[in-house]
Amino acid sequence: MTHESSSCVEIRDVIRNFGEKIVIERISLRVERGEIFGLLGPSGSGKTTLVKMLAGIDEATSGEISLLGVKLPKLAMMNRIGYMAQSDALYAELSAQENLSFFGSLFELGGARLKERIHYAMKLVGLEEHLNRIVSEYSGGMKRRLSLAIALLHEPEVLILDEPTVGIDPILRKSIWNELEALSAAGTTIIVTTHVMDEADKCHRLGMIRDGKLIAIGSPTDLKTRTGSSTIEEAFLHYGGERP
């Protein structure tokens with residue numbers, strides 16, 4: 001890994017418009033190296049737009065985003081980022097093995113190293129027995145799991161996950177979160193969007209987003225303490241102006 005400052009991601013005064021519609025309204029925040037940072041908010045709040053800009057696949061209308069000391073978007077950064085989109089970008093007519101091999105080749109993985117990473121990723125998401133199955137035969141939850149395996153394949157320094165556990169059963173969800181915590185402890189920076197409150201509680205810090213605005217930021221404990229709330233959901237409602 002390179003040795004820039006401890007701050008891994010910096011977002012400064014970012015605005016994103018689509019025509020007349022303001023989707024992200026002047027957001028600034030920092031994410032530290034090795035942190036699990038959650039973006040919490042309802043559907044349509046701007047979470048997906050923000051993480052697309054962090055992944056370098058969309059560009060801010062104004063403001064600046066830098067990742068690992070490099071201003072985005074920049075194509076050369078793609079090898080250092082693992083991105084799991086909300087909709088699964090998979091080749092349905094290919095097997096899981098063929099999908100993983102294809103994406104591995106994009107990240108310049110091959111031979112024994114690729115085989116080792118495929119085994120690790122598929123074991124993590126509980127799909128080892130379905131490696132040679134055609135993806136069109138996968139259920140929705142299995143496709144989500146394969147998408148997560150692909151995002152992890154090249155050991156990215158920054159992992160950006162948009163609603164990663166939607167449609168995944170609670171037992172597997174727990175094991176995935178255990179692995180995310182282990183990756184974080186080993187230095188991987190993880191940014192995750194969610195509207196699942198127990199997942200929000202697992203993040204080191206949370207940014208609460210509503211109507212494209214960052215309405216609060218802090219650790220789950222801080223956010224609950226500041227608002228006198230017993231749950232993250234209550235704290236979110238408090239910051240959103242809807243006291244429970």
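Let's start in the middle of the fold: Val 158 stands opposite Thr 189 in strand β8. What you're looking at is a predicted model, and β8 is a handy place to begin reading it.

**Around β8**

Strand β8 covers residues 189-194, and six of its six residues are buried. Both of its faces are covered. On one side sit Thr 189, Ile 191 and Thr 193, while Ile 190, Val 192 and Thr 194 are on the other, and all of them are buried.

Who pairs with β8? Strand β7 (residues 158-162) is joined to β8 by five bridges, and the two run parallel. Strand β3 (residues 36-40) also pairs with β8 in the parallel sense, again over five bridges. In that second pairing, Gly 38 stands opposite Val 192.

There's a helix in this story too. Together, β7, helix α5 (residues 170-185) and β8 make a right-handed β-α-β unit.

**The antiparallel sheet**

Now for another part of the model. Four strands make an open sheet, in the order β2-β1-β4-β5, with antiparallel pairing. At the edges stand β2 (21-32) and β5 (70-71); each has a single partner strand, so one side of each is left without a neighbour in the sheet.

Take the β5 edge: strand β4 (residues 62-67) pairs with β5 over two bridges, in the antiparallel sense. Leu 67 has Val 70 in β5 as its bridge partner.

Helix α1 (residues 47-54) lies across β1 (7-18), β2 and β4, and runs at about 125° to β1.

Here are the strand pairings described so far, side by side:

| Pair | Sense | Bridges |
|---|---|---|
| β3 and β8 | parallel | five |
| β7 and β8 | parallel | five |
| β4 and β5 | antiparallel | two |

**The cysteines**

How many disulfides does the structure hold? Zero. As a reminder, a disulfide is a covalent bond between the sulfur atoms of two cysteines. For Cys 8, the closest cysteine sulfur is in Cys 203, and at 15 Å that is too far for a bond; the cut-off for a disulfide is a pair of sulfur atoms within 2.5 Å. Are these two residues buried or exposed? Cys 8 is buried, with a relative accessible area of 1%, and Cys 203 counts as buried too, at 3% relative accessibility.

**What the record says**

Finally, the annotation: an unreviewed UniProt entry marks residues 9-236 as "domain: ABC transporter". In the model, that span is 35% helix and 27% strand, and its end C-alpha atoms lie 23 Å apart.

Note on methods. Residues numbered from 1 in each chain as written. Predicted model: local features only at pLDDT ≥ 70, side-chain atom pairs only at ≥ 80, totals over all residues. Heavy atoms only, no water. UniProt positions renumbered as here; feature names shortened; annotations may be inferred. Pairing = 2+ DSSP bridges. Contact = heavy atoms within 4.5 Å. Axes fitted to C-alpha atoms, helices over the stretch in contact; angles between N-to-C directions. Buried < 20%, exposed > 50% of the residue type's maximum accessible area, 1.4 Å probe, protein only. Right-handed = clockwise from strand over helix to strand, strands pointing away.
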